[in-house]
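Please consider the structure shown below. The paragraphs that follow lead through its sheet and a selection of its helix contacts.

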Amino acid sequence: MLTLIGKRLLFAIPSLIGVVIVTFLLTRALPGDPAAYFAGPAATKEAVDQIRKKLGFDKPLIEQFVRYTSDLAHGDLGTSLTTGQPVAAELRNRLPASAELTLLGLVVSIVIAIPLGVLAATRPGSWIDHLCRVTTTAGVSLPVFFTGLVLVYVFYFRLGWAPAPLGRLDVFYSAPPTVTGFYLIDTLIARDFEAFRSAFSQLILPAVTLAIFSLAPIARMTRASMLAVLASDFVRTARASGLSPGKVIVTYAFRNAMLPVITTLSMVFSFLLGANVLVEKVFAWPGIGSYAVEALIASDFAPVQGFVLTMAVMYVLLNLLIDILYGVIDPRVRLEG
Amino acid sequence: MKRRDFLKSVSGLAAGALAPTAPAIWSPAKADARSETLLIVSEGGPNNLDIHGVGTNVPGYEVSWNCYDRLISHEMKSGPGGVPYYDRDKFKPELAEDMKIDDMSVTFKLRKNAKFHDGTPVTAKDVKWSLDRAVSVGGFPTFQMSAGSLTKPEQFVVVDDHTVRVDFLTKDKLTIPDLAVIVPCVVNSELVKKNASEKDPWGLEFTKQQTAGSGAYKVTKWTAGTEVVMERNDDWVSGPLPKIKRVIWRMVPQAGNRRALLERGDADISYELPFKDFQEMKANGKLNVVSLPFSNGIQYIGMNVTKPPFDNPKVRQAMAYAMPYQKIMDAVLFGLANPMFGAAKDKPTEVAWPQPTKYFTDMEKAKALLTEAGYANGFETTISFDLNFAGVNEPLCVLVQESLAQLGIKTTINKVPGANWRTELTKKEMPLFTNVFSGWLDYPEYFFYWCYHGNNSIFNTMSYKSGEMDKLIDGARIAAANGDTAAYDADVKGFVDLAYADIPRIPLYQPFVNVAMQKNISGYEYWFHRRLDYRAMAKG
């Protein structure tokens, strides 16, 4: 098992190198001159040149690349010009915010989507099947920022049930000491239950927004896969042997229907992590998506490169995890390098 | 000087709705904290806490203004609508308790009891080090200092522990005002030097992350892109102790949410909202909305005078008659701006800036002028704007495009990403564009020096060159330095008249800075930098 994981990781190295080169070149190819941008509106030509020199953008591309990769080898992702902070530190601070939100959103989504999909598959054509169809269609056709804004409008602005969309914690609570970076866990470790409640209530709306969006692929995939499995021979055999419908569905059918669902889950997760930029914007969430987009707007190279690299690493790890999960769920799937 | 604050127009859903008046629920301890805390929400936050840093953005100026002291500052006067407005001509001591202006120098006596946040006393050598730093670090701070003829460290002389003298290189009326802008702030030199390195002799890396000043507030927590927390410096002596104990400044990217937060009473103050929102909030009267004109600022349509067809003054005049002025005022700005067009025909030119032109929308006249210039069938051109301010610029350009189409002028709209805008401006190749210029120092000759002078600074976006214009501008600067009012007035009137006759750029309006706050917030002051001064504010 360990050697297989090692092998898989080794295979990821060429793609990571590719990512490094491509993002470096792409960010350099962006229009806009960061030196002119950061020299400010009033800068003279000399001032712009001065700044360019300070930032090292006057050097030939290849030299910049060598410097970038050697910094990278030392774990230094450079410094963001827009926020003025080291990129590695910022990603480290912001990744948990995005991950906490995405994971919770995904959990909410799974809790609703899988039972819905299973029920819809066992009773095709019934009201629950229609409900499944309507929710998934609605979920996939509403843009996330729209759902987010509607939720804020209704639950915060009109009803006043939800807290102000001001990020991860209410303004007057201070963040718990960082252990995992996940506020829900850290507040519990610090035994600060008031802060836990605040963090949790801040999470509800954005997580629900993400859940509504990701409901569709999971529920549809569960339903389709369950339908296929329920029509197969071994289910017929199980039924014919007089097993209870619950046992047939949960133990036999569901487990076999899981594989495509897991694949979808991994896709949905990685997609959400990168694509929740809009949710982060709406809820003033200090995550990595909004960070990367802001950097992109300002032609700020380092954070964009850092972001793409982080995402690439996460994809590699996620895929590995999914492959391992396959083996656990279905013994017929063997990890092979 | 700088561009106006972000006003990205992302219309939120919150628009047009009345909030139920349910106050937020706070536990008693929190309620206490809340009454002494000012919660500000805005789109962007600082990227650097030190204005001397490389590429410090406009929100960073606000931190510097409140956390550092300058030698002198401005008095307040009553502005439009009774809102306190900084008085360009009256100075008050800040760190200095006395200022004596001589013929070729100015001497400041420092307050003896002033201390930096870490408790070390503020001395003359800190002042010298800070001013040396401002003229030496390069980039924006050095540039701003040079606008007041402050360019060499030798100009700043330590007389004794509590006396500093600034020597003038030339007589310049802008030297004293330039010492009251944000840049010449006084930094704790010993503390910063301890944290400086060979590569970074001015300790810019250190002050980027923390404030090292003697100002009324100090930054206690800063999470870039998320929030800035500032606490009051209870030992502040450069003015009356501020009433607000704590300032929490949160970045909320969504304009609709910022409005919702204000209307729900959760946030105390916000700017950077779409004009439509400001206008609606003004109308429903639940919040206090302050709209004040930018001092020395104009949004204009610029034309590149080096290339046809805009090298022909007739074409430029035709353009000035073809602008849909009133439509822009109504549909883009919702009335929140001062018109800079349509002055009465017989109105004499004033010694003031900005002032309206005598142009107004008259398509017949435009057509006639265009025919005279030999473009009876129009021409093709491109109008460019900065996407960072798309909320205003985009509808504005569409209206201009529509209007020009009536003259047979086919206009393509070119949206330039914010990061690229300055590069494009420096190239000076855009034939037609819209932009804002606003000067920190509120003097006509200052504006004209940057925007119309033949030395062709980046703000002379039209590449306009005229010997007569240069003579008038230089004349006004010299007259101002020598206190020759008659010559000054004649020169100012002269260059305004020339600028409007030659019309290389068409003034459209003087923009407003809009700030919305809760009714219980008082003490808002308008400053030339258009950011908030927490020191005068109070809550409740």
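How many bridges join strand β5 of chain B to strand β7 of chain B? The model under discussion is a predicted one. In it, 5 bridges join β5 (residues 105–110) of chain B to β7 (residues 163–167) of chain B, and these strands run antiparallel. One position on each strand may serve as a point of reference: S105(B) has D167(B), in β7(B), as its bridge partner.

This pair belongs to a wider arrangement in chain B. An open sheet is formed there by 4 strands, in the order β4-β5-β7-β6, with antiparallel pairing. Its edge strands are β4 (96–101) and β6 (156–160) of chain B, each of which pairs on one side only. From one strand to the next, the twist averages 20 degrees.

The sheet also carries a helix. Helix α3 (residues 124–136) of chain B packs on the sheet and touches β5, β6 and β7 of chain B. The direction of α3(B) makes about 180 degrees with that of β6(B).

Helix α3(B) has a further partner, helix α4 (residues 139–146) of chain B, with which it packs at an angle of about 105 degrees, the axes being 6 Å apart. Because the range for roughly perpendicular is 65 to 115 degrees, α3(B) counts as roughly perpendicular to α4(B). On the side of α3(B), the contact is made by A134(B), V135(B) and S136(B), and on the side of α4(B) by P141(B), T142(B) and M145(B). By class, the residues of this contact comprise 4 nonpolar, 2 polar and no charged.

Chain A is built from helices: it has 14 helices and 0 strands. Its C-alpha trace spans about 85 × 55 × 40 Å along the principal axes. Of the 337 residues in chain A, 42% are buried. Among contacts in chain A with a separation of 6 or more, 70% come from residues 24 or more positions apart.

One helix pair of chain A can be followed in detail. Helix α13 (residues 288–297) of chain A packs with helix α14 (residues 301–329) of chain A at an angle of about 140 degrees, and their axes are 8 Å apart. That angle makes α13(A) oblique to α14(A). The crossing of α13(A) past α14(A) is left-handed. Helix α13(A) contributes I288(A), Y291(A), A292(A), A295(A) and L296(A) to the contact, while α14(A) contributes P303(A), V304(A) and F307(A). The residues of this contact divide into 8 nonpolar, no polar and no charged.

Conventions:
Residues numbered from 1 in each chain as written. Chains lettered and ligands numbered in written order. Predicted model: local features only at pLDDT ≥ 70, side-chain atom pairs only at ≥ 80, totals over all residues. Pairing = 2+ DSSP bridges. Helix = DSSP H or I, 4+ residues; strand = E, 2+ residues; numbered from the N terminus. Axes fitted to C-alpha atoms, helices over the stretch in contact; angles between N-to-C directions. Contact = placed C-beta atoms within 7 Å. Buried ≥ 20, exposed ≤ 12 C-beta atoms within 10 Å, placed from the backbone. Parallel < 35°, antiparallel > 145°, perpendicular 65-115°, else oblique. Nonpolar A, V, L, I, M, F, W, Y, C, P; charged D, E, K, R; others polar. Left-handed = near helix turned anticlockwise from the far one by under 90°.
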